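Here is a structure to read with some care, one term at a time. For each term we ask what earns a feature its name.

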Amino acid sequence: MTSRSYDVLAGAPDSPVLLHVPHSSRVIPPDVRDGILLDDGELDRELDHITDAHTAEIAAVAAGAAGARPWQFVNRLSRLVVDPERFPDEREEMLAVGMGAVYTRTTHRAPLRPAGFDPAPLIDRYFAPYAAGMADAVAARLEATGRAVIVDVHSYPTGPLPYELHGEGPRPPVCLGTDAFHTPPALLAAGREAFGGFGGLATDTPFAGTYVPLAYYGKDPRVSALMIEIRRDVYMSEPGGAAGPGLQVLGAALAALVDAVPPHPAS
């Protein structure tokens with residue numbers, strides 16, 4: 001049996017907000033590491049590029065500063081184990097560059113895992129339990145408050161990496177990712193207000209969309225979602241370096257977004 005790969009950090013009982021942090025960890029279990037082709041130095045460099053470093057700390061600052069503490073769902077394993085935000089099947093467009101739910105290529109499109117690698121054991125061991133856990137966390141917010149508001153916390157590099165399918169677009173300090181079904185105008189407006197002070201903001205560029213568990217995706221309007229993508233030079237030294245004072249400022253902005261979400265659905 002594998003110990004749980006994520007933590008659910010409790011918030012206020014009446015908070016509908018779930019801060020989702022899927023890509024902040026660099027941890028790879030030894031048996032998974034054995035299936036990766038890169039040597040240790042190459043793997044460290046790949047983790048520098050692919051990890052959304054310090055985003056768990058940004059979420060923690062926000063949770064501590066918010067008027068009503070949000071819940072947090074934090075992945076404790078690297079996305080090089082599985083990427084919980086990918087579709088686990090042919091719907092995933094990143095399969096085109098070897099970055100489906102289980103990556104077979106690096107950020108620079110070099111081989112990460114052997115040709116013919118079978119992703120099914122990693123999907124079964126890590127992806128499926130994570131997805132079920134996130135669905136359970138959403139169900140708990142729905143039961144407690146009548147709604148669930150997922151705020152995805154991500155970061156991205158200042159310059160595009162070769163794996164990006166849409167890297168030619170603008171790369172503002174903050175990008176807000178939306179979904180036509182799950183991002184209501186009021187939530188997007190709150191995101192724009194909270195993150196409007198970082199020197200530029202755009203919607204769905206260079207990354208678009210939001211994460212909603214498949215059990216609710218496109219089906220349940222009580223589940224709303226917004227993705228926050230932060231350009232890394234706003235708060236850290238790239239690639240993979242230390243965080244700077246921008247981390248605290250971003251945490252305060254995220255707390256302002258949390259505070260803008262009412263605790264119960266509008267009547």
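The questions and answers below concern a predicted model, and they deal with its pocket, its cavity, its cores and one helix.

Q: What makes the space of about 910 Å³ a pocket?
A: A pocket is an open set of points with protein on both sides within 12 Å along at least five of seven lines, and the largest set of this kind in the model has a volume of about 910 Å³. Its lining counts 41 residues, and Glu 85, Arg 86, Glu 92, Ala 208 and Thr 210 are those that lie nearest its centre. The elements that give two or more residues to this lining are α4 (120-145), β4 (148-156) and β7 (223-231), and the largest share, four residues, comes from β4.

Q: Why is the other space, of about 40 Å³, called a cavity?
A: It is called a cavity because a 1.4 Å probe fits there but cannot get out, and about 40 Å³ of space lies in the largest one. With a cut-off of 30 Å³ or more, the count comes to one cavity. Its lining is made by Ser 5, Asn 75, Leu 77, Ser 78, Val 81, Val 82, Tyr 126 and Tyr 130.

Q: How do you know how many residues of each lining are charged?
A: Asp, Glu, Lys and Arg count as charged; by that rule the lining of the largest pocket has 13 charged residues, beside 19 nonpolar and nine polar, while the lining of the largest cavity has no charged residues, five nonpolar and three polar.

Q: What makes the set of 34 residues a nonpolar core?
A: The members of such a core must be buried nonpolar residues joined through side-chain atoms within 4.5 Å, and the largest set that meets this has 34 residues, with Leu 19, Val 151, Phe 195, Ile 228, Leu 254 and Leu 257 having the most contacts inside it. Helix α6 (246-260) is among the elements that each supply at least two residues, and α6 gives the most, with seven. A second, separate core has 24 residues, including Ile 36, Leu 38, Ile 50 and Tyr 103.

Q: Which residues is Phe 195 in contact with, beyond its neighbours within four places in sequence?
A: Contact asks for heavy atoms within 4.5 Å, and Phe 195 is in contact with Val 174, Leu 201, Ile 228, Leu 250, Ala 253, Leu 254 and Leu 257.

Q: Why are some residues of helix α2 called buried?
A: Buried means under 20% relative accessible area, and in α2 (residues 40-50) the buried residues are Leu 43, Glu 46, Leu 47, Asp 48 and Ile 50. What covers them includes α1 (30-33).

Terms used: Residues are numbered from 1 along each chain as its sequence is written. This is a predicted model: local features need pLDDT of at least 70, side-chain atom pairs count only at pLDDT 80 or more; totals for chains, interfaces and linings use all residues. Side-chain values use heavy atoms; hydrogens and water are left out. On a 1 Å grid over the protein atoms alone, a cavity is a set of points where a 1.4 Å probe fits but cannot get out, and a pocket is an open set with protein on both sides within 12 Å along at least five of seven lines; lining residues have an atom within 4 Å of a point. Grid points are joined across faces, edges and corners, and a volume is the space filled by probe spheres set on the points. Buried means under 20% relative accessible area, exposed over 50%, partly exposed in between (1.4 Å probe, protein chains only).
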